[in-house]
Amino acid sequence: MFETIISLLWEKVAGFAQDEILKAATAKDETETLEGRLKDIQPVLRNAYNKQFSSKEVKYWVWRLNEVIYDAFDVIDFYRIKSRRYADPPDSRPSRTSLLLHETGTKIKKINEKLNMMYEEKNQHGLVPVLGESSTLGDSLGVVKEERQTTSAITETNIIGREKDEEVVLKWLFEESNPHEDSASVIAIVAMGGVGKTALAKKLYHNSSVPDYFDKCMWVCVAETPKLLDLFRKILEEVEEKGSCSTQLLTGANALYSTITTHLKNKRFLLVLDDVWNNAWWDEMKGLWQDCTSWSKVLITTRQMEVAKAKGLAHLHELKCLNEKHSWELYLSKT
């Protein structure tokens with residue numbers, strides 16, 4: 001089964017709890033509490049998924065759970081990034097590490113408090129375990145997610161502190177690949193949630209030079225649990241002219257694949273795959289750009305470094321958190 005956002009969190013929480021730095025810290029206790037509470041909630045999730053279509057209260061409960069899960073992801077990712085920054089080169093102020101541990105423990109404690117409240121509310125909504133459905137945490141939790149979707153539309157006109165990042169990736173998009181290779185180059189933007197991967201990808205996608213360089217530009221949001229057929233249909237919708245009905249007429253993966261490759265043959269294209277979480281579909285998908293012009297580019301955004309590195313990249317750009325000056329500037333722009 002496709003890897004889901006929750007199964008990824010489960011693995012991350014389990015690994016986080018074993019972190020050497022956390023062994024003597026209160027953050028470890030809170031992390032283990034988080035791990036235990038996820039186990040407690042897990043048995044009722046199948047029931048919650050079924051009931052959310054007929055109950056607004058349950059649907060709202062599910063939505064809140066998704067938000068809490070995203071918060072947990074961000075807290076752990078933020079800790080990882082900050083702790084690496086303090087360790088390499090070694091930080092001469094151990095108080096910074098202590099402060100980070102305290103802040104991490106406090107944030108996870110707040111997440112646990114929200115999960116505790118939601119666990120108590122399950123009885124009010126009549127949520128009960130569904131036996132015989134799924135035996136793993138990832139399977140049970142994965143069905144709950146109402147997946148985030150993105151479009152290429154620019155929602156933030158002023159992106160602060162990303163000029164150098166844009167310059168680096170834009171150079172890769174326009175570079176000439178090996179003319180003897182009949183395949184698109186794959187570029188990845190990797191960062192924790194909320195740092196601005198999608199915003200940067202949108203800015204690159206709408207750069208004024210892009211439509212002059214590429215014959216075709218496509219934007220597809222992959223999300224956590226993609227189905228190959230759905231991805232093929234999304235790409236075909238982007239490739240074809242408006243008014244075409246191929247996506248309704250074609251139902252098989254092979255027919256969709258053949259139609260897409262016909263449209264892309266000898267074309268120089270840019271394909272953005274936003275919000276990528278796993279590699280289960282990649283081997284089938286990458287055949288789409290194995291027989292195209294070598295100047296074509298596939299740009300992916302992902303939180304997972306291991307997901308990016310498994311894709312045979314031409315370039316990888318790790319998007320860092322904004323510095324204090326730009327963070328404050330961003331804060332002021334939103335208040």
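Reader: Hi! How much of the protein counts as buried?
Author: Of its 335 residues, 47% count as buried. Keep in mind that this is a predicted model.

Reader: Thanks! And what secondary structure does the protein have?
Author: There are 15 helices and five strands.

Reader: Let's pick strand β3. Is β3 enclosed or open?
Author: Strand β3 covers residues 269-276, and eight of the eight are buried, so the rest of the structure largely encloses it.

Reader: Nice. Which strands does β3 pair with, and how many bridges are there?
Author: With β2 (residues 216-223) it shares seven bridges, and the two run parallel. With β4 (residues 297-302) there are five bridges, and that pair also runs parallel.

Reader: Which residues face each other there?
Author: On the β2 side, Phe 269 of β3 stands opposite Lys 216. On the β4 side, Val 272 has Leu 299 as its bridge partner.

Reader: What about Leu 270, buried or exposed?
Author: Leu 270 sits in strand β3. Its relative accessibility is 1%, and buried means under 20%, so Leu 270 counts as buried.

Reader: What does Leu 270 touch, sequence neighbours aside?
Author: Beyond four places in sequence, its contacts include Leu 173, Tyr 205, Val 210, Phe 214, Cys 217, Met 218 and Lys 297. Lys 216 and Leu 299, which appeared in the bridges above, are also among them.

Reader: And how far is Leu 270 from Asp 215?
Author: Their C-alpha atoms are 8.2 Å apart, although the two residues are separated by 55 residues along the chain.

Reader: Last topic: how much surface does the protein expose?
Author: About 17,400 Å², with carbon and sulfur atoms supplying 50% of it.

Definitions and conventions
Residues numbered from 1 in each chain as written. Predicted model: local features only at pLDDT ≥ 70, side-chain atom pairs only at ≥ 80, totals over all residues. Heavy atoms only, no water. Buried < 20%, exposed > 50% of the residue type's maximum accessible area, 1.4 Å probe, protein only. Helix = DSSP H or I, 4+ residues; strand = E, 2+ residues; numbered from the N terminus. Pairing = 2+ DSSP bridges. Contact = heavy atoms within 4.5 Å. Areas by Shrake-Rupley, 256 points an atom, 1.4 Å probe, with all protein chains shown as cover.
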